[in-house]
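Open the model in your viewer and keep the selection tool ready. Each stop below says what to pick and what is there.

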Amino acid sequence: MDPLLVVLAVLALITAVGFALQRATTVAQVATFWLLMAAVHACFAVTSWRVAARSRPSGRHLWSLFAIAGAAFLVGDAGQLVEVARHPAGPSAVVGTSFQFGALAVGVTVLVTGLLRFPLGTMEDNARSRLRLDVATVLAAATTFGLWLFEVPAGDRGGGWFFGLVTAILVLPGMFLVATFAVVRLILSGRTPFTRLTALTGGTAAVMQVVLQAVPGSIYQDPRFMPWLLCANVLASTLLAVAARSQERGARHARQDVTAGPRRRYSILPYAAMVAVWLLTALLLAVEGLDTRAWVVGLGAVVTTVLVIGRQVSDFRAITELLDERDKLTTELSRLAYHDALTGLANRGRFMQRLHDALAAGPVTVFLVDLDDFKPVNDAFGHATGDQLLIEVGRRLRAEVRDGDTVGRLGGDEFAVLMEGLPVDRRKEVADGLSAALSGTVRIGAVDVGLSASVGSATGRQGLQDPDSLLHEADMAMYAVKTDRRILVAGDLV
């Protein structure tokens, strides 16, 4: 059990019980509140600094900024303790002075800067565009709720009132809106510098702070609500310290940098944000009618809906691109599966399939072509030259056949030609033409390579031959031609 986590848990429990009992005076409660805030912020700053020392570069930079933010919060708490000592019953003792607001603004700015600058890793342009739309949707919903809760400061509309208005907009909901943007950006990207426990406790603390900062100052000063609000603020800050401590415990075992979860195909967060705004719009219309706030919230609902529609259009475009890519990949895989990688001709599997289909349609003639003395070419000139010769053979065979005929490489130096509807009396003419096309010499690089081939043929029809038997018959005919050629060459030598 971690001692610091135990201390923080006990502190949270005592705080909750102490404020709930409401036995102390208002001044005592306020003083205790700022002492507790200073303690947990100091814990957060020190722990974040320790995490930075154990992290890799990007994580070190992030947690160093967190430590600076914690120090800024602590300075604000110290200034507030001075204010409580000077004016214990003043309203600024509870809701904060301009100095405390300024320290809070500095701390949140530093903290958000770290979150915004944390690298998201490599993302495609489409994925980055959809991430921006998702984040914009959540921010639009958060802005809508913030405007619904926002209260214009009371008082005369002079310079002080204007300063209070700017502070109320920028320091509180404005800064926490940017913080929401940073957190949502990390969540939706699937890449986070936090452990699971740190993300859970830190996210809970952030949500609590956003809600608490949206509460008007007049409610903070109401004795009925003040103890509970003070208690909630301490608990939120305590959770922030717990988050930093849990990260430190994880960093003891490994140099923490990035926790990259599985990339999700979609997130329901933008859709949930849109639905929440529409529900708020319906509630306002039902309870208060079409007043100014209802118009503002309704506009927010329209904006979030437009952003979600834009996200869907982006998704449809991405899906279309994926489908096109899939079709191209399918075509390429089909080509690789049914075609010879070297010559681009049909491979044995594709040729046998075409032969089976052709036999079912009518008479089919198969020419089996085998190169003569191909092995000596590889031995004398190398396999690269042999490959170029095979490519040239494929090109010449394609040039000799009709459109619709199939030329295939069955393996090695063995080729085949399939012709449908060829008259039997033209078989010899075609075989001679193929043999003539594969004769003579071929210039490959700096060498002349001799080329000759033996061609055998066979004709079959459905019911009389199957693909294997027809190919075997053509093979026998080819070997007969090769044997006759060898006998003829031997006779010439004698």
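Select Thr-441 first: its opposite number in S7 is Gly-450. This is a predicted model. Now add Val-442, whose bridge partner in S7 is Val-449. Widen the selection to both strands. S6 covers residues 440-444 and S7 covers residues 447-451; they pair in the antiparallel sense, over 5 bridges. Then look at the turn. The hairpin made by S6 and S7 leaves 2 residues between the strands, and Gly-445 in that turn has a positive phi of about 65 degrees.

**The largest nonpolar core**

Stay with these strands, but show side chains. Select Phe-367, Leu-371, Leu-389 and Phe-415: in the largest nonpolar core, which has 26 residues, these four touch the most other members. Next, colour the elements that feed this core. At least two residues each come from strand S3 (364-371), helix H14 (374-381), helix H15 (383-400), strand S5 (414-420), helix H16 (427-437), S6, S7 and strand S8 (453-460). Which element gives the most to this core? H15 does, with 4 residues.

Centre the view on Phe-367. Leave out residues up to four places away in sequence, and list what Phe-367 touches. Phe-415, Ala-416, Val-417, Met-419 and Leu-422 are among the residues there. The contacts of Phe-367 also include Arg-427, Val-430, Ala-431 and Leu-434. Val-455, Gly-456 and Ser-457 complete the set for Phe-367.

A second core is separate from this one and has 18 residues. To find it, select Val-94, Leu-212, Tyr-220 and Val-234, which are included in it.

**From S3 into H14**

Return to the loop between S3 and H14 and pick Asp-373. Is Asp-373 buried or exposed? Its relative accessible area is 62%, so Asp-373 counts as exposed. Check its backbone too: phi of Asp-373 is near 55 degrees, a positive value in a residue other than glycine.

Step on to H14. Select its buried residues, Phe-374, Val-377 and Asn-378. Look down the axis of H14: these buried residues fall within an arc of 95 degrees, so they line one face of the helix. What do the buried residues of H14 pack against? Their partners are S3, H15 and S7. Rotate to the face of H14 turned away from the buried side, where Lys-375, Asp-379 and Ala-380 are exposed. Just after H14 comes Gly-382, with a positive phi of about 100 degrees.

**H13**

Select residues 348-361. This is helix H13, with 14 residues. From first C-alpha to last it reaches 20 Å, close to the 20 Å expected at 1.5 Å a residue. Highlight Phe-351, Met-352, Arg-354, Leu-355, Ala-358 and Leu-359, the buried residues of H13. Around the axis they cover an arc of only 160 degrees, so they sit on the same side of H13.

**H11 and its contact with Phe-145**

Move to helix H11, residues 269-287. H11 has 19 residues and spans 27 Å from its first C-alpha to its last, close to the 27 Å expected at 1.5 Å a residue. Pick out the buried residues of H11: Pro-270, Ala-273, Met-274, Val-277, Leu-280, Thr-281 and Leu-284. Seen down the axis, the buried residues of H11 stay within an arc of 125 degrees, so they line one face of the helix. Turn to the face away from that buried side; Leu-279, Ala-286 and Val-287 are exposed there. Following H11, Gly-289 has a positive phi, near 80 degrees.

Now add Phe-145, in helix H6 (residues 125-149). Which residues does Phe-145 contact, leaving aside its neighbours within four places in sequence? The contacts are Ala-276, Val-277 and Leu-280. Draw a distance from Phe-145 to Ala-276: their C-alpha atoms are separated by 9.3 Å, though the two residues are 131 apart along the chain. Phe-145 has 28% relative accessibility, so it counts as partly exposed.

**Zoom out**

Finish with the whole protein chain. It holds 17 helices and 8 strands. Of its 494 residues, 44% are buried. Among contacts with a separation of 6 or more, 75% join residues 24 or more positions apart. Switch to a surface view: the protein chain exposes about 26,000 Å², with carbon and sulfur atoms supplying 64% of it.

Methods: Residues are numbered from 1 along each chain as its sequence is written. This is a predicted model: local features need pLDDT of at least 70, side-chain atom pairs count only at pLDDT 80 or more; totals for chains, interfaces and linings use all residues. Side-chain values use heavy atoms; hydrogens and water are left out. Two strands pair if DSSP finds at least two bridges between them. The expected span of a helix is 1.5 Å times one less than its number of residues. Buried means under 20% relative accessible area, exposed over 50%, partly exposed in between (1.4 Å probe, protein chains only). The arc is that of the directions from the helix axis to the C-beta atoms. Contact means heavy atoms within 4.5 Å. Accessible areas come from the Shrake-Rupley method with a 1.4 Å probe; for residues, only the protein chains shown count as cover. A nonpolar core is a set of buried Ala, Val, Leu, Ile, Met, Phe, Trp, Tyr and Cys residues joined through side-chain atoms within 4.5 Å.
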